[in-house]
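Let's take a walk through this one, starting with a bit of sheet, moving on to a pair of helices, and ending with a look at the other chain.

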Amino acid sequence: MPEGIFCNRTPINTVEALHTLLADKSGKTYYAEMNALEVDRAALKATLDKTCKSRIRTWLEICAHCGMCADSCFFYLANNKDPKQVPSYKIQSTLGQIVKKNGDVDNAFMQMVMDTAWGKCTCCNRCGMYCPFGIDMGVMFGYLRGLCYSQGFVPWELKIGAGMHRIYRAQMDVTSEDWVDTCQWMAEENEEDWPGLEIPVDKEDADIIYTVNAREPKHYPEDLAEAAILFHIAGENWTVPSVGWEETSLAMFAGDWEACKLQVQAVYDAMERLKPKRMVVTECGHAYRATVIEGPYWAGLKSGKTPVPSFHYVEWVAEALRTGKLKIDPSKRIKEPVTYQDSCNYIRNAGLKECAREIMSYIAEDFREMSPNKEHNFCCGGGGGMNGLGRYREQRNIGLKVKRDQILATGAKLVVSPCHNCWDAIRDLEEVYHVGIRWSFLKPLLLKMVIVPDHLKSEE
Amino acid sequence: MFDKILFATTGTPICDNAAHVAFDIAKKYNSNLLMFHVLGMPSRGFSTVVKDIRTGEVEQYDTDYISWVKEELKNTYEKYLKDSSSCDIQAIAGVPATEILRKARQHNADLIVMGAHSRQEETGAARYRGAVGTNMQHVARGARCPVLIVSRPCTTCLWYFSNIVFGTDFSKASFSAFLFASKLAKEIGSKLYIFHALDMGAVLAGKVLSQEDVEARIQEARKKIEKIYLPHLRDYDNFQIDIWEGIPYVEILKYSRAKNADLIVMAHHTKEVEPDQAILGGTVEQVVLRASCPVASVNHPDKVSG
């Protein structure tokens, strides 16, 4: 059987196909079928010829196997320094071999590659910082995931996730109507406490276009309400688009570049259509990386930049605090020791470390840095889609040990975590290891301590 | 009055009394009943699994699982369903309070019926106890329609409803509660008790109040009731006004027992508190947990005016 019913090389493009795949509980049949999935060697070779250019070929060639990257990888540290977890080994034994053999690889090999690309790497790019040659194995793993996806060797959940983006332009089944309705609902629910509160949809020429993670309208709409209230207090002229409101990209985790392009194009179209001065995205790490850092290249934008300047939520918060748009009541600042989870995607890979420190200087009295921190921080343990992959749950939980020990060493019981995947990983590490910590996004913390101007207070 | 009733259930014994009342009311008022269950908590980040609210187990969220949960609900409520003419069952993943409010809004429900969903409940999912504990509070505060909370077997509910106690603290939300209580009383022809408890804890604030002072304040409250509420009763005269002093939740419980109340109507407009303190939260929580009749929490005029 060259291709299976569930496991094949065809992306999910219809609701029917999506439901069919979802109905295969935990991907049981999907993974069984994968054992018989043939590698399309000619296609793999053609893809390599077309896309594997000098940068990656050079990186693979010049790696001196010096092992400097070993200690940079949290999987290596968490797995008792297993040599098979050394980043250079992981990439040489997978992508290195595919390139060397020019695509002439078999099914068993591709399954090993998949298990390495998703089960032993979160694409946190930390190893790249420590390589004396500047070889970025995170980037190469991203590329490798794309090769795997094109051959149908992709974890079941991510095939679904990429399909969601293709169908809904969102990582979950949230339609434009659902989204707009949720905006109206949240405005209604909070209008009594916040007179004049609005969630303006499709307003042209606003100062800010706000975009989110689909999990917010789907399951956590209060996050949207909190964002609205904070914009309201800050007096921002803002809007959300009815279409192109989703910034995340499971397609990026899956290596489905076509879906990646479709997804970011929807957001860029919204920018072009509504002509805001700038874009602000919610507290999500990979959403920012996908739409702001990688997206312009997927969409073929020559400038390498989004159509309007784009900001992560921490940039907006830091600016609002700095300019006094948001003022913190000094008596309500966080008194207990508190630490901050630097998300790989917007700190290491986008350089926003100082924004995070600036925010903490306003809201916390006893801020404790993790060690290492900023761009040197370790991945939460759940990045790159790993949190959601049942097949690698055990490996993920082992990897969490590094973050656990980092947090415990600070002495803080509260972790500020402005990233959905970090938030989940830290929640899960508490569940697995019971260390007695709490975690929070910024918005609920800010709402507890921000000074509300008199004219915005409700009567009662 | 109650064309569409949303019965929000955890599917656990804590909701048994609520189920009884929900099906009874639906029968009496010939209402369309929607049984709604939020089955699992989703993650914040990417995942296709949810944590089952009842068992605490991780489950793959798909149509199979939903069908299985619905089947379980059918078995649990079999004795009511066989006598019920129209009851739809729906189950969905999410944060319970959020999904209940979303469904009530989409469904345009006239009444939500739920159990106390308190932290006393043993769900086995200790991790989510906090979320479950604030559930009732969150729904009561946010719902646009009255929320009927049933935590104990109703011993006086022979005919829904014959003695309605409306407790007021004169807040804006309390006026919505009054609109509901008076509308219901007029439609059914039940006796309406308008009650206010002078909060001695808050009034005292360290100083001793003389008996004259207490009586003056009681007089003042009576005048307020006469001014705010009575004009809206128009010619309906089957009502009684009483003002007692003490700790509000104790007084309203004593009063409703004395009057054989089968429904207490109050507003629930206190700000949300930390999950750990929720159990000791406002007057409504205390009344809900201790009352021997259902408590309707009404905070918005949308579904009760006119």
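In this predicted model, start at strand β6 of chain A, residues 414–416, which runs parallel to β7(A) and pairs with it over three bridges. To find the register, look for A:Val415: across from it, in β7(A), sits A:Trp439.

Now zoom out to the sheet these strands belong to. It's an open one with three strands, ordered β5-β6-β7 in chain A, and the pairing is parallel. The edges are taken by β5 (338–340) and β7 (438–440) of chain A; each has a single partner strand, so one side of each has no neighbour in the sheet. Going from one strand to the next, the twist averages 25°.

Next, the helices. Two packed helices are described by the angle between their axes and the distance between those axes. Here, take helix α17 (residues 313–323) and helix α19 (residues 353–363), both of chain A: their axes come within 9 Å and cross at roughly 45°. That angle is neither under 35 degrees nor in the 65 to 115 range, so α17(A) and α19(A) count as oblique to each other. The crossing of α17(A) past α19(A) is left-handed.

Who makes the contact? On the α17(A) side you'll find A:Val314, A:Glu315, A:Val317, A:Ala318, A:Leu321 and A:Arg322, and α19(A) brings A:Cys355, A:Ala356, A:Glu358, A:Ile359 and A:Tyr362. Sorted by class, the contact has eight nonpolar and three charged residues, with no polar ones.

Finally, hop over to chain B, with its 13 helices and 12 strands. Of its 306 residues, 49% are buried. Among contacts in chain B with a separation of 6 or more, 77% link residues 24 or more positions apart.

Notes. Residues are numbered from 1 along each chain as its sequence is written. Chains are lettered from A and ligands numbered from 1 in the order in which they are written. This is a predicted model: local features need pLDDT of at least 70, side-chain atom pairs count only at pLDDT 80 or more; totals for chains, interfaces and linings use all residues. Axes are lines fitted to C-alpha atoms, for helices over the stretch in contact, and angles run from 0 to 180 degrees between N-to-C directions. Helices (H or I, at least four residues) and strands (E, at least two) are DSSP runs, numbered from the N terminus. Angles under 35 degrees count as roughly parallel, over 145 as roughly antiparallel, 65 to 115 as roughly perpendicular and the rest as oblique. A crossing is left-handed if the near helix is turned anticlockwise from the far one by less than a right angle, and right-handed if clockwise. Two residues are in contact if their C-beta atoms, placed from the backbone, lie within 7 Å. Ala, Val, Leu, Ile, Met, Phe, Trp, Tyr, Cys and Pro count as nonpolar, Asp, Glu, Lys and Arg as charged, and the others, Gly among them, as polar. A residue is buried if 20 or more other C-beta atoms lie within 10 Å of its own, exposed if 12 or fewer, and partly exposed in between; C-beta atoms are placed from the backbone. Two strands pair if DSSP finds at least two bridges between them.
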